[in-house]
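Good morning. I will go through one structure today, a few places at a time, so please keep the picture in view.

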Amino acid sequence: MIHPLSRRNLLAIAAAAGLAPALGGQAAAAAVPLRFGRPEPFTYEGLKVMARERAARPYVEPPRPSPDVVRQIDYDAHGKLRYAKDSALFAEGAGAFPVTFQHVGLYFPKTVRMHALANGQAREVLYDQRLFAVQPDHPAAGLPADASAFAGLWIQEPKSGPWKEQEPWATWLGASYFRAVGELGQVGLSARGIALAPGQGPGPEEFPDFVAFWIEPAETETDPVTLYALLDGPSVTGAYRFQCRRTSGVVMDIEAAMTFRSRVTHLGVAPLTSMYWYSETTSSRTIDWRPEVHDSDGLAVWTGAGERIWRPLNNPPRTMTSSFVDRAPRGFGLLQRDREFLHYLDGVKYEKRPSAWVEPQGDWGTGAVQLVELRTDDEIHDNIVAMWVPDTPSEPGSSREYRYRLHWLADEPYPTPLARVVATRLGRGGQPGQPRPDGVRKFLIEFKGGPLSSLPKGVIPEPVLWTSRGEFGAYRYTEAVPNDVPGHWRTQFDLKVEGSEPVEMRCYLRVGDHVASETWLYQYHPGA
């Protein structure tokens with residue numbers, strides 16, 4: 001069973017691995033002219049009003065066309081529902097990037113309304129089963145002719161190139177999930193429009209839906225594709241604007257205006273969702289044949305005060321929430337720093353998964369960057385969430401607005417000039433060749449770059465350590481990694497701790513009176 005926090009499902013995993021059945025195999029549908037509804041005026045301010053008015057009414061779930069039929073459209077059946085790319089929105093005429101649509105199915109059962117937007121006039125794109133390759137024996141053939149069965153959309157590569165043979169560069173599909181391609185040509189982690197109390201209680205998490213989109217084309221390949229979206233859920237409504245630019249990766253300027261039906265005590269703004277099974281911190285020999293399996297390996301935070309933090313991810317024994325209290329954060333993201341194929345040995349290209357970085361616009365006030373980590377035993381589950389959580393609840397009838405830039409790249413867009421953590425390794429405490437003490441764990445942290453690349457001969461950086469409990473051993477050792485790579489250092493130390501409760505740890509390197517590295521934070525689970 002896929003954890004309810006995941007909602008990525010097997011279809012999305014296959015796409016992340018480059019295995020989604022969007023190309024090749026089953027024949028695509030023949031070209032069919034798109035049909036449109038009557039034009040209606042549209043503005044973003046009008047969408048905000050629509051969302052506020054909706055919040056004043058009781059929640060009504062989006063339509064689910066023919067549930068008994070749609071439940072039969074499983075992963076394999078959904079993969080056969082190829083959209084006719086010749087019938088893409090903006091395939092002809094204005095618009096640099098064609099847009100194709102996704103069909104409802106077992107994992108995406110709710111109707112999403114689609115609209116084409118030009119010159120302030122919106123026209124609904126009307127569903128037509130002929131837009132998809134529906135064979136007579138396919139479950140979707142059982143849908144009524146008047147069904148509204150769009151579930152999501154894909155923004156395709158520019159039509160000046162071979163876009164019909166390429167994967168999309170940005171997708172919206174399922175609840176408020178969306179994602180994009182990074183600089184290395186892969187997708188991986190996802191973002192969401194909003195998160196409500198993930199990992200915070202025994203009840204199920206609430207997943208509001210994007211229930212309608214308005215799509216404005218990019219005039220040229222350097223202009224943004226602009227999407228407007230209406231969000232709706234039992235506790236909240238929202239009006240969103242996405243200005244999406246195809247760069248070396250993808251950059252999205254996002255505006256969100258939310259109005260609350262119910263009291264929300266734990267609001268997740270700009271949430272990112274990813275998968276972390278295990279990495280170099282855990283021996284994989286008894287888990288899987290691959291050395292590492294993860295879409296992201298750490299949370300990076302640039303605090304409002306300017307500190308750079310790196311928190312390696314965990315696959316904890318139970319659900320854990322870590323809060324990094326801040327005011328006006330400069331940015332945070334889930335990154336994939338390890339880019340070595342030999343560290344994964346897997347054809348699904350984990351070494352090329354994108355990093356996603358949230359850059360707040362304006363003053364977000366006080367709150368915390370929160371990291372939620374859930375236990376997982378496989379790579380098919382999204383078990384990591386990172387988000388901004390404001391420090392005050394949202395009351396019924398109240399509103400909040402946020403603006404941020406979301407970068408889908410290989411690395412964070414504003415790298416620190418300090419040395420960065422490149423690996424965290426754990427082992428038995430003590431010294432080689434001597435009896436190993438009980439209850440002692442060795443930690444080895446590798447730092448690379450920044451001031452460490454130009455240290456005078458004989459100068460050794462000093463680790464500055466802190467722990468929430470336990471004691472550090474007297475044996476500590478810092479050395480240059482013997483690999484002829486300038487600026488690659490490692491520090492190791494022992495920690496003796498009793499009990500099984502988590503231990504919060506902190507380390508950075510100092511040269512004289514100067515900070516030489518970002519701050520390494522780690523949550524250690526003794527005995528896990």
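Start with a single pair of residues: G427 has K442 in β27 as its bridge partner. Before going on, note that this is a predicted model.

The two strands behind that pair are β26 and β27. Strand β27 covers residues 440-448, and 8 bridges join it to β26 in an antiparallel arrangement. How do strands hold on to one another in general? They pair through backbone hydrogen bonds, and the pairing can be parallel or antiparallel.

Both strands belong to an open sheet of 4 strands, and its order is β26-β27-β30-β29, with antiparallel pairing. Which strands stand at the edges? They are β26, residues 420-428, and β29, residues 471-480. Each has a single partner strand, so one side of each has no neighbour in the sheet. From one strand to the next, the twist averages 15°.

Now please move to an earlier part of the chain, to strands β7 and β8. Strand β7, residues 170-173, pairs with β8 in the antiparallel sense over 3 bridges. One of the residue pairs here is T171 with R179 in β8. The two strands form a hairpin with 3 residues between them. In the turn, G174 has a positive phi of about 90°.

Strand β8 has a second partner. It is joined by 2 bridges to β9, residues 190-192, and these two strands also run antiparallel. Here F178 has A191 in β9 as its bridge partner.

Which way do the side chains of β8 point? Y177 and R179 point one way, while F178 and A180 point the other way. All four are buried.

Next, the charged residues. As a general point, side chains of opposite charge can pair when their charged atoms come close. The count of salt bridges in this model comes to 36. I will show three of them.

The first on my list is D68 with R71, where the closest N and O atoms are 2.3 Å apart. Is D68 buried or exposed? D68 counts as exposed, because its relative accessibility is 55% and the cut-off for exposed is over 50%.

The next is R192 with E205, with 2.8 Å between the closest N and O atoms. This pair links distant parts of the chain: R192 is in strand β9, E205 is in the loop between β10 and β11, and they are 13 residues apart. R192 counts as buried, because its relative accessibility is 1%. E205 counts as buried as well, at 14%, since buried means under 20%.

The last of my three is E379 with R290, and the closest N and O atoms are 2.5 Å apart. E379 sits in the loop between β23 and β24, and R290 in the loop between β16 and β17, so the pair links parts of the chain 89 residues apart. E379 is buried, with a relative accessible area of 15%, and R290 counts as buried at 6%.

There is also a network. Salt bridges that share partners join R308, R337, D411, E412, R420 and E518.

Now a residue in another strand. L521 is found in strand β33, residues 519-524. L521 counts as buried because its relative accessibility is 12%. What does L521 touch, leaving aside its neighbours within four places in sequence? It is in contact with I309, W310, R311, P312, F324, M505 and R506.

For the surface, look at W289, F341, L342 and L345. Together they form a nonpolar patch with about 470 Å² of accessible area. L342, one of the four, is found in the loop between β21 and β22. L342 is exposed, with a relative accessible area of 60%.

I will finish with two backbone angles. N119 has a positive phi of about 55° although it is not a glycine. N119 is in the loop between β4 and β5, and it is exposed, with a relative accessible area of 78%. A328 is not a glycine either, and has a positive phi of about 50°. A328 lies in the loop between β20 and β21. With a relative accessible area of 28%, A328 is partly exposed.

That is the end of the tour. Thank you.

Note on methods:
Residues are numbered from 1 along each chain as its sequence is written. This is a predicted model: local features need pLDDT of at least 70, side-chain atom pairs count only at pLDDT 80 or more; totals for chains, interfaces and linings use all residues. Side-chain values use heavy atoms; hydrogens and water are left out. Buried means under 20% relative accessible area, exposed over 50%, partly exposed in between (1.4 Å probe, protein chains only). Contact means heavy atoms within 4.5 Å. Two strands pair if DSSP finds at least two bridges between them. Patches are made of residues with over 30% relative accessible area and no salt bridge: like charges are joined within 9 Å, nonpolar side chains (Val, Leu, Ile, Met, Phe, Trp, Tyr) within 5 Å. Accessible areas come from the Shrake-Rupley method with a 1.4 Å probe; for residues, only the protein chains shown count as cover. A salt bridge is a side-chain nitrogen of Lys or Arg within 4 Å of a carboxyl oxygen of Asp or Glu. Axes are lines fitted to C-alpha atoms, for helices over the stretch in contact, and angles run from 0 to 180 degrees between N-to-C directions.
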